Amino acid sequence: MHRLGLELLSQGLRQIHGLSYPSQALEYRGNPGALTYPCSRSILLGPHGKPYLKDHPRIHFSLTNCPGLVACAFSDSEIGIDAEMPRGASPALLSRVLTEEEAKMLASSDHLSFSHLWTCKEALAKCTGLGLNSDIYRVGFRLSAAAAIPPAAKYPPLFYPLLPVRFQRKDYYLAQGHLPDGHIISLCSAKVIDSIKILPVQQTRQ
């Protein structure tokens, strides 16, 4: 899945930005010990492991994979994406990673699953580059009251904006969607998400 994610990143850079990066050059692994940790020919890692392009730091991207899906998000601002199939969680996990208000909302809803909230937290963690931690767990997401779609915004079917959240004195904006096969996808951005465009790609042989 990691290899497929790099292939998707390579195709997206070519299709959206006109940049030619073979997937092998985008490989990144290692310990993110410093802001410019040299983990590959083309990718650097931030202090908490967030990857970015060495020669194009203003192109922001985020990868996610789960059973049956690999996805990559691109933006001109910090972006995070996470996806998974709807699932439940143990009471111990719920008490550890959800706020009290989130737990109550989940318990009182017939159509929300743990994944609706968890993918938001993962997306925020990736957007900030801080990773999942207790500070992220304390952020409360409100899924029952969707925000108004910005004027002239372009959202694909089954995607909708969520109310923004405040984290470390900064607002982050969210959108969530459902794919026909059931996957839940959450996006988090450092600026208002006024457009979402889905570009399907085909796997290439290497």
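A pocket here is an open set of grid points where a 1.4 Å probe fits, with protein on both sides within 12 Å along at least five of seven lines, and its lining residues have an atom within 4 Å of a point. In this predicted model, the largest pocket is lined by 37 residues. Its volume is about 1,200 Å³. The second largest pocket has a volume of about 430 Å³. A four-stranded open sheet and two residues with positive phi complete the briefing.

**Largest pocket**
- Cys72, Ala73, Lys197, Ile198 and Leu199 are the lining residues nearest the centre of the largest pocket.
- Four elements each supply at least two lining residues: helix H1 (2-17) and strands E5 (69-75), E6 (79-84) and E9 (184-189).
- By class, the lining holds 23 nonpolar, nine polar and five charged residues.

**Second largest pocket**
- The second largest pocket has 22 lining residues.
- Nearest its centre lie Tyr28, Pro51, Ser62, Leu63 and Lys126.
- H1, strand E4 (60-66), E6 and helix H4 (114-128) each give two or more residues to this lining.
- E4 makes the largest contribution, with five residues.
- Nonpolar and polar residues number nine each in this lining, and four residues are charged.

**Sheet**
- The strand order is E6-E9-E8-E7, with antiparallel pairing.
- E6 and E7 are the edge strands; each has a single partner, so one side of each lacks a neighbour in the sheet.
- On average, neighbouring strands are turned by 20 degrees against each other, direction ignored.
- Six bridges join E6 and E9 in the antiparallel sense.
- Ile81 has Leu187 in E9 as its bridge partner.
- H4 packs on this sheet and touches E6, E7, E8 and E9.
- The direction of H4 makes about 150 degrees with that of E6.

**Positive phi**
- Most residues other than glycine have a negative phi.
- Leu158 has a positive phi, near 75 degrees.
- Leu158 sits in the loop between helix H5 (134-137) and strand E7 (159-167).
- Leu158 counts as exposed because its relative accessibility is 52% and the exposed class starts over 50%.
- Gln168 also has a positive phi, about 50 degrees, and is not a glycine.
- Gln168 lies in the loop between E7 and strand E8 (170-178).
- At 53% relative accessibility, Gln168 counts as exposed too.

How values were computed:
Residues are numbered from 1 along each chain as its sequence is written. This is a predicted model: local features need pLDDT of at least 70, side-chain atom pairs count only at pLDDT 80 or more; totals for chains, interfaces and linings use all residues. Side-chain values use heavy atoms; hydrogens and water are left out. On a 1 Å grid over the protein atoms alone, a cavity is a set of points where a 1.4 Å probe fits but cannot get out, and a pocket is an open set with protein on both sides within 12 Å along at least five of seven lines; lining residues have an atom within 4 Å of a point. Grid points are joined across faces, edges and corners, and a volume is the space filled by probe spheres set on the points. Ala, Val, Leu, Ile, Met, Phe, Trp, Tyr, Cys and Pro count as nonpolar, Asp, Glu, Lys and Arg as charged, and the others, Gly among them, as polar. Buried means under 20% relative accessible area, exposed over 50%, partly exposed in between (1.4 Å probe, protein chains only). Two strands pair if DSSP finds at least two bridges between them. Axes are lines fitted to C-alpha atoms, for helices over the stretch in contact, and angles run from 0 to 180 degrees between N-to-C directions. Contact means heavy atoms within 4.5 Å.
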